[in-house]
Protein chains: 2
Amino acid sequence: MLSKKTQYAFHALIHLAENADKGPILISEIAQEKSISIKFLENILLELKNAGILGSKKGKGGGYYLLKTPKEIPLAKIIRLLDGAIALLPCVSLNYYEKCENCRDEAVCGLNDVMGKVRDATLKILETKTLKDILTRNVSIL
Amino acid sequence: MLSKKTQYAFHALIHLAENADKGPILISEIAQEKSISIKFLENILLELKNAGILGSKKGKGGGYYLLKTPKEIPLAKIIRLLDGAIALLPCVSLNYYEKCENCRDEAVCGLNDVMGKVRDATLKILETKTLKDILTRNVSIL
DNA sequence: ATAAACTCTATAAAAAAGATAGGCTTTTTT
DNA sequence: AAAAAAGCCTATCTTTTTTATAGAGTTTAT
């Protein structure tokens, strides 16, 4: 299951994409629109900013905005940023790999093999599908 | 990520399958062999028993054993039993479905759509691959 | 200057995961 | 019949993770 953090991030990004023509969007606006605690959302948007996905502007008229077009933001990137590994086991994770404790040889491990296949099938979708694919409205900046 | 509980369950089931010819296997043997806390493992094996996957025998000469052949035990079944939903979002879970809070119409929700595809791709593997597929040794009772 | 709005770090509360404890029941052996 | 072996069951505890909050700091527009 994706954490609330990741789910909120998706909703916030959707809102930003769908209102990209309106200039910087207030945290408070997104929080209200998507029913997210404003302080919690603040942290999430900051992470997205630090990851180079969002830009921000301080002071009056400030807010957050996308730094890339929706189709340049793969869903896998968001999940990894906020939730960490996508794979079901540490030993098949591409970005958060950890060796199994009791496993002598991963090359001969049946679990490793199957979970690697699950990872591949999942990533095939999550790395090609982007923010653009989860928007409700059609946005012109595609 | 799969929980330790599910990972331990897989390891225990593998041990049981690979020693199916030796009659009931002690919890303590599995625990030692797989480096799992004996008391924690006890709970896990009990859940597997209550789910009809394992049988047990009390008293001297007792222990646990598979009630089905490895190829009759899909990996998805074990994961659902110990970890719950396999899907990434509650609103696309087949077995643990919950409606989204803010979602007006799932039929038009892009996230729902993509996560549904991820679920399908994952289940296609986890429901066809079985305990048999993660065994190291070849076991005759296939 | 002042107010608006994001920034940063710390902390707290709640939930989940992981682990342990101990008495109970069943079965086998003596 | 008693004792020992082994699983059964339920409760509790500890640790970690997740979720949420707080508040002082910084930047920018007016």
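Which elements of chain A and chain B each supply at least two residues of the surface near DNA strand D? The legends below take this up after a look at chain A. This is a predicted model, in which local features need pLDDT of at least 70, side-chain atom pairs count only at pLDDT 80 or more, and totals for chains, interfaces and linings use all residues. Residues are numbered from 1 along each chain as its sequence is written, chains are lettered from A and ligands numbered from 1 in the order in which they are written, and side-chain values use heavy atoms, with hydrogens and water left out.

**View 1. Chain A is built from five helices and two strands.** Start at the N terminus and you will meet the elements in the order α-α-α-β-β-α-α. Helices (H or I, at least four residues) and strands (E, at least two) are DSSP runs, numbered from the N terminus. Along the principal axes, the C-alpha atoms of chain A fill a box of roughly 60 × 30 × 25 Å. Of its 142 residues, 48% count as buried, that is, under 20% relative accessible area with a 1.4 Å probe and protein chains only. Among the contacts in chain A with a separation of 6 or more, 59% join residues 24 or more positions apart; a contact means heavy atoms within 4.5 Å.

**View 2. DNA strand D is surrounded by 28 residues.** Here is the reply to the opening question: α1 (4-18) and α3 of chain A, together with α3, β1 (54-57) and β2 (63-66) of chain B, each supply at least two residues of the surface near this strand. A residue is near a strand if one of its heavy atoms lies within 4 Å of it. The largest share, five residues, comes from α3(B). The closest residues are A:Lys39, B:Glu42, B:Lys49, B:Ser56 and B:Tyr64. Sugar and phosphate account for 61% of the atoms of DNA strand D that come within 4 Å of the protein.

**View 3. Polar contacts reach DNA strand D from both protein chains.** A polar contact is a pair of N or O atoms within 3.5 Å. From chain A, a polar side-chain atom of A:Ser37 lies 2.9 Å from a phosphate oxygen, and a polar backbone atom of A:Lys4 is 3.2 Å from a phosphate oxygen. From chain B, look for B:Asn43, with a polar side-chain atom 3.4 Å from a base oxygen.

**View 4. DNA strand C also has 28 residues around it.** The closest are A:Glu42, A:Lys49, A:Ser56, A:Tyr64 and B:Lys39. With five residues, α3(A) gives the most to the surface near DNA strand C. A polar side-chain atom of A:Glu42 lies 3.0 Å from a base nitrogen of this strand. On the chain B side, B:Tyr8 places a polar side-chain atom 3.4 Å from a phosphate oxygen, while an N or O atom in the side chain of B:Lys58 is 3.3 Å from a sugar or linking oxygen. Of the strand C atoms within 4 Å of the protein, 62% belong to sugar or phosphate and the rest to bases.

**View 5. B:Leu2 sits in the segment before α1 of chain B.** This residue is buried, with a relative accessible area of 7%. Not counting residues up to four places away in sequence, B:Leu2 touches A:Leu88, A:Leu89 and A:Met115 as well as B:Gln7, B:Phe10, B:Ile79 and B:Asp83. B:Leu82 is 80 residues from B:Leu2 in sequence, with 9.2 Å between their C-alpha atoms.

How values were computed. Buried means under 20% relative accessible area, exposed over 50%, partly exposed in between (1.4 Å probe, protein chains only). A polar contact is a pair of N or O atoms within 3.5 Å; within protein, one must be able to donate a hydrogen and the other to accept it, and residues adjacent in sequence count only if both atoms are side-chain atoms.
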